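Welcome! Below are some short exercises, each followed by a worked solution. Try each task yourself before reading on.

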Amino acid sequence: MPMYYFHLRDQDMVEDIDGTELADIDAARAHAQVVAQELKFETDRFLDEEWSRWSMRVHDEEGQELFSFPMSDVRSDNGK
Amino acid sequence: MGNGSSLGHSDNRLLAALPRELFELMQHDFKQISLSQGQAIYEPGEQIDEIYFPQSGMISLLVVAKDGAAIETATIGREGAVGLHSAVGMRLSFTRATIQIPGKFSVVRANAFAQSVQNHAPVRDLIARYTEVLWAEAQQIAACNAIHDGPARLCRWLLQSADRIGSNHLPLTQELIAQMLGVRRTTVTLLAQSLQRRGVIEYARGHITILDREHLEHCACECYAIMQQEKLPLKLGVRF
């Protein structure tokens, strides 16, 4: 299964150095949503910045960006 | 802390708190063993045959949900023991217990320890006092999980773990931290990376090193200070 990396970006990037093995890009989209929801549920701000300044950027193993979305589009619940 | 070769039973605070002559009497029941990360020592509902007193590692207690998800509810290090209640009658484990951080452990058969409990008042007292501390911790953690945000809880937990093993270098998998916070591993990585960005910790796969303890305490919720090993027993009017 391919690896996907879920980075957070404002002016610079907070990197997902570990990555996650997932079946395909649909699974990566679902995972990105859950992680984004968990982050917003767990903390109101990230590195002292409002979530509206951050976006989720999902990369493949080669570092190519596959898709992204602004964190302000994400509901802040714990995804459970 | 070295590689563990110089550790002994007295590196566990509970065993060290027993009168020396008394522990010498009990000592032949104890053995020292090494356990590695991820090793399970109890499963929910299983009989407890042995009691574990960490000298250097850390044990994690996990409640296992119906869907198989495991959530960490307590950690035990050199300040405590796991399975003590088996020596006072209750013999089944409520939680799963696994080795979260590898190390050396003093181990005693529950039967043998039950005998010591029966024969020696200081051993009974020790269990009673330690139970008070554990119960207070459980209440504090229940409140903490409900009111404090993920980053603050992560900081609190890193500090507690460092105290439990006596080292600022924490060999922790992302998976185990995820069980503690009840979130996906990716969420853990991003939260840990944000702490690294602040220079508080260094995070690499499977390893966290605390670089700036003072700053980490500042980022942690108040629960760390309340539950600090040295302070909580005093709050309860308990001495070890």
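**Exercise 1.** In which loop of chain A does Leu47(A) lie?

*Solution.* Two notes before the steps. This is a predicted model, in which local features need pLDDT of at least 70, side-chain atom pairs count only at pLDDT 80 or more, and totals for chains, interfaces and linings use all residues. Residues are numbered from 1 along each chain as its sequence is written, while chains are lettered from A and ligands numbered from 1 in the order in which they are written.

Step 1: Leu47(A) sits in the loop between strand 4 (45–46) and strand 5 (49–50) of chain A. Helices (H or I, at least four residues) and strands (E, at least two) are DSSP runs, numbered from the N terminus.

Step 2: the loop between strand 4 and strand 5 of chain A also holds Asp48(A).

Step 3: look at the backbone. Leu47(A) has a phi near 50°, a positive value in a residue other than glycine. For Asp48(A), phi is near 65°, again positive in a residue other than glycine.

**Exercise 2.** Decide whether Asp48(A) is buried or exposed, and then place Leu47(A) on the scale too.

*Solution.* Step 1: recall the cut-offs. A residue is buried if 20 or more other C-beta atoms (placed from the backbone) lie within 10 Å of its own, exposed if 12 or fewer, and partly exposed in between.

Step 2: Asp48(A) has 7 other C-beta atoms within 10 Å, so this residue is exposed.

Step 3: Leu47(A) counts as partly exposed because it has 17 C-beta neighbours inside 10 Å.

**Exercise 3.** Find the strand order of the open sheet of four strands in chain B, and name the strands that stand at its edges.

*Solution.* Step 1: the order is 2-6-4-5, with antiparallel pairing. Two strands pair if DSSP finds at least two bridges between them.

Step 2: strand 2 (40–42) and strand 5 of chain B are at the edges, each with a single partner strand, so one side of each has no neighbour in the sheet.

Step 3: zoom in on one pair. Strand 4 and strand 5 of chain B run antiparallel and are joined by six bridges. Opposite Val64(B) stands Ala70(B) in strand 5 of chain B.

**Exercise 4.** Describe how the two domains of chain B meet.

*Solution.* Step 1: chain B is divided into domain 1 (9–119) and domain 2 (144–235), with bounds from an automatic or database domain assignment.

Step 2: their centres, taken over C-alpha atoms, are separated by 23 Å.

Step 3: 15 residues of domain 1 of chain B are in contact with 13 residues of domain 2 of chain B. Contact requires that the C-beta atoms of two residues, placed from the backbone, lie within 7 Å.

Step 4: on the domain 1 side, strand 4 (58–64), strand 5 (70–76) and strand 6 (96–101) of chain B each give two or more residues. Strand 5 of chain B supplies the largest share, four residues.

**Exercise 5.** Work out which helix of chain B gives the largest share of the side that touches chain A.

*Solution.* Step 1: the contact takes 15 residues from chain B and 17 residues from chain A.

Step 2: helix 5 (150–165) and helix 7 (185–197) of chain B are the elements that give two or more residues to the chain B side.

Step 3: helix 7 of chain B gives the largest share, eight residues.
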